[in-house]
Amino acid sequence: MGAVPVYRWRLAPDGLATRRQLRAAGLRPGGQDVAAQIERPRRRRGPLVAYLYRVDAAKPVRPMTPAKWAALAKANAARRTCPECRRDAGYVIPPSLGMCATCAYPDEEQRAA
């Protein structure tokens with residue numbers, strides 16, 4: 001990416017924004033190439049790099065369709081369902097446990113009762 005201009009942190013010109021800034025404004029890059037990049041220096045490591053896109057060439061975010069909402073709801077339900085007891089845990093099951101807290105720690109459930 002040697003052809004794009006590089007700016008220091010917080011010194012990018014107006015009219016350029018990162019993906020997150022575009023998203024906060026309800027926009028997306030829309031297939032445009034990277035217009036510039038900013039670098040934030042760090043001690044003892046390489047700089048943090050963020051790519052910038054032109055705001056005037058950005059397109060609006062596509063709206064969620066009913067099918068996308070349904071797919072998202074199904075995916076979130078799968079993250080909440082315990083693979084051991086097949087019940088909705090009421091929270092997203094942590095990958096470190098791989099099951100709900102009741103199945104992961106059955107002894108503590110009996111002690112509390």
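Two strands count as paired if DSSP finds at least two bridges between them. With that in mind, the sheet of this predicted model can be followed strand by strand. Strand β1 and strand β4, which covers residues 36-40, are joined by 3 bridges and run parallel to one another. One of the places where this can be seen is V6, whose bridge partner in β4 is Q37.

Looking beyond this pair, the reader will find an open sheet of 4 strands, arranged in the order β1-β4-β5-β2, and the pairing within it is mixed. The edges of the sheet are held by β1, at residues 6-8, and β2, at residues 16-17, each of which has a single partner strand, so one side of each is left without a neighbour in the sheet.

From the edge strand β2 the chain can be followed into the loop that lies between β2 and α1, a helix spanning residues 19-24, and in this loop we meet T18. Is T18 buried or exposed? Its relative accessibility is 15%, and because buried means under 20% relative accessible area, T18 counts as buried. When residues up to four places away in sequence are left aside, T18 touches A50, Y51 and L52, where a contact means that heavy atoms come within 4.5 Å.

The surface offers a contrasting example in W69, which belongs to helix α2, the run of residues 66-80. With a relative accessible area of 51%, W69 is exposed, since the word exposed is used for values over 50%. Together with M64 and L72, W69 makes a nonpolar surface patch of about 310 Å².

Charged side chains also deserve attention, and a search of the whole structure finds 2 salt bridges. In one of them the side chains of D56 and R54 meet, with a distance of 3.1 Å from N to O. D56 counts as exposed at 63% relative accessibility, whereas R54, at 41%, counts as partly exposed.

The other salt bridge is formed by D88 with R80, and here the closest N and O atoms are 3.2 Å apart. D88 counts as exposed, its relative accessibility being 53%, while R80 is partly exposed, with a relative accessible area of 29%. In both salt bridges, then, an exposed Asp is joined to a partly exposed Arg.

How values were computed
Residues are numbered from 1 along each chain as its sequence is written. This is a predicted model: local features need pLDDT of at least 70, side-chain atom pairs count only at pLDDT 80 or more; totals for chains, interfaces and linings use all residues. Side-chain values use heavy atoms; hydrogens and water are left out. Helices (H or I, at least four residues) and strands (E, at least two) are DSSP runs, numbered from the N terminus. Patches are made of residues with over 30% relative accessible area and no salt bridge: like charges are joined within 9 Å, nonpolar side chains (Val, Leu, Ile, Met, Phe, Trp, Tyr) within 5 Å. Accessible areas come from the Shrake-Rupley method with a 1.4 Å probe; for residues, only the protein chains shown count as cover. A salt bridge is a side-chain nitrogen of Lys or Arg within 4 Å of a carboxyl oxygen of Asp or Glu. Buried means under 20% relative accessible area, exposed over 50%, partly exposed in between (1.4 Å probe, protein chains only).
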